[in-house]
Amino acid sequence: MLQPPETGDDWIGLDEAPLPVAEAVAWSVLPSCGGQVLFTGTVRDSADGRDDVTGLEYEAYQEQVAPRLQAIADAARTRWPDLGRLVLLHRTGRLRLGEVSVVVVASAPHRGEAFEAARYCIDTLKATAPIWKREEWAGGSDWGTRAQPVQDVRNA
């Protein structure tokens, strides 16, 4: 189970267990931050060209995920220096419909920075983290139809 860090303002992680959404939001609250933005990605029943998805399986190059997530957090802090806390968590393994696969939380003094940072973090995570999904449906399974090569964080 993923736990918030004892020190620091970045909570990053990868785990097969359900992601701690409520804990991530609660951890992001700071007296100096009036805005907290939460993004969760959940398993849906459709994908490009398929309307009968029954679940997903995520695989990751585990040794590289944490450094990539930290690079995303570092880049976000460079863009928005007033950020409070950042959460970037992703799940691996088999997930059923409705389960949370990714959590991003950004806290900042103002909502605009929190929204922008959260959007940047999820978009960059999707483009740069070495995490892949296999879609499962009634007729079989295959890698997601929108799979793309992993990019460098500096180029995302």
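## Cysteines

A disulfide is a pair of cysteine sulfur atoms within 2.5 Å. By this rule the count in this predicted model comes to 0 disulfides. Cysteine 33 is in no disulfide, and the nearest cysteine sulfur to its own, that of cysteine 121, lies 14 Å away. Cysteine 121 is likewise in no disulfide; its nearest cysteine sulfur is that of cysteine 33, at 14 Å. Because a pair must lie within 2.5 Å to count, a separation of 14 Å leaves cysteine 33 outside the rule.

Buried means under 20% relative accessible area. At 8% relative accessibility, cysteine 33 therefore counts as buried. Cysteine 121 has a relative accessible area of 0%, so it is buried too.

## The sheet β1-β4-β6-β2

Four strands form an open sheet in the order β1-β4-β6-β2, with mixed pairing. Its edge strands are β1 and β2, each of which pairs on one side only. From one strand to the next, the twist averages 5 degrees.

Strand β6 (100-108) runs antiparallel to β2, and 8 bridges join the two. Within this pairing, valine 37 has alanine 106 of β6 as its bridge partner, and leucine 38 has valine 105 of β6. Strands β4 and β6 also pair in the antiparallel sense, over 5 bridges; here leucine 88 stands opposite valine 104 in β6. Of the 9 residues of β6, 9 are buried, so this strand is largely enclosed by the rest of the structure.

## Helices on the sheet

Two helices that pack on this sheet are described here, α1 and α3. Helix α1 touches β1, β2, β4 and β6, and its direction makes about 10 degrees with that of β6. Helix α3 touches β2, β4 and β6, and its direction makes about 145 degrees with that of β6.

Which residues of helix α1 are buried? In α1, residues 21-28, they are Ala24, Trp27 and Ser28. These residues cover an arc of only 100 degrees around the axis, which puts them on the same side of α1. An α-helix has 3.6 residues a turn, so residues three or four places apart point the same way. What covers the buried residues of α1 includes β1 (10-15), β2 (35-42), β4 (86-91) and β6. On the other side of α1, Ala22 and Ala26 are exposed.

Arginine 111 is placed in helix α3. Exposed means over 50% relative accessible area, so arginine 111, at 65% relative accessibility, counts as exposed. Arginine 111 and glycine 35 are 76 residues apart in sequence, yet their C-alpha atoms are 4.5 Å apart in space.

## Nonpolar cores

The largest nonpolar core has 31 residues, and those with the most contacts inside it are Leu88 and Cys121. The elements giving two or more residues to this core are β3 (53-60), α2 (62-79), β4, β6 and α3 (111-128). Helix α3 supplies the largest share, 7 residues. In soluble globular proteins, nonpolar side chains tend to be buried together.

What does cysteine 121 contact, leaving aside its neighbours within four places in sequence? Its contacts are Ile72, Ala76, Leu86, Leu88 and Val104. Two of these names recur in the sheet, where leucine 88 stands opposite valine 104.

Apart from the largest core lies another, of 10 residues, among them Trp11, Ala24, Leu89 and Val105. Of these, Ala24 is one of the buried residues of α1, and valine 105 is the bridge partner of leucine 38.

## The sheet β5-β3-β7-β8

Another open sheet of 4 strands has the order β5-β3-β7-β8, with antiparallel pairing. The edge strands are β5 (93-96) and β8 (140-143), and each pairs on one side only. The twist averages 25 degrees from one strand to the next.

Strands β3 and β5 run antiparallel and are joined by 4 bridges. Tyrosine 58 has glycine 93 of β5 as its bridge partner. Strand β3 is also one of the elements that give two or more residues to the largest nonpolar core.

Conventions. Residues numbered from 1 in each chain as written. Predicted model: local features only at pLDDT ≥ 70, side-chain atom pairs only at ≥ 80, totals over all residues. Heavy atoms only, no water. Buried < 20%, exposed > 50% of the residue type's maximum accessible area, 1.4 Å probe, protein only. Arc of directions from axis to C-beta. Contact = heavy atoms within 4.5 Å. Pairing = 2+ DSSP bridges. Core = buried A, V, L, I, M, F, W, Y, C linked by side-chain atoms within 4.5 Å. Axes fitted to C-alpha atoms, helices over the stretch in contact; angles between N-to-C directions.
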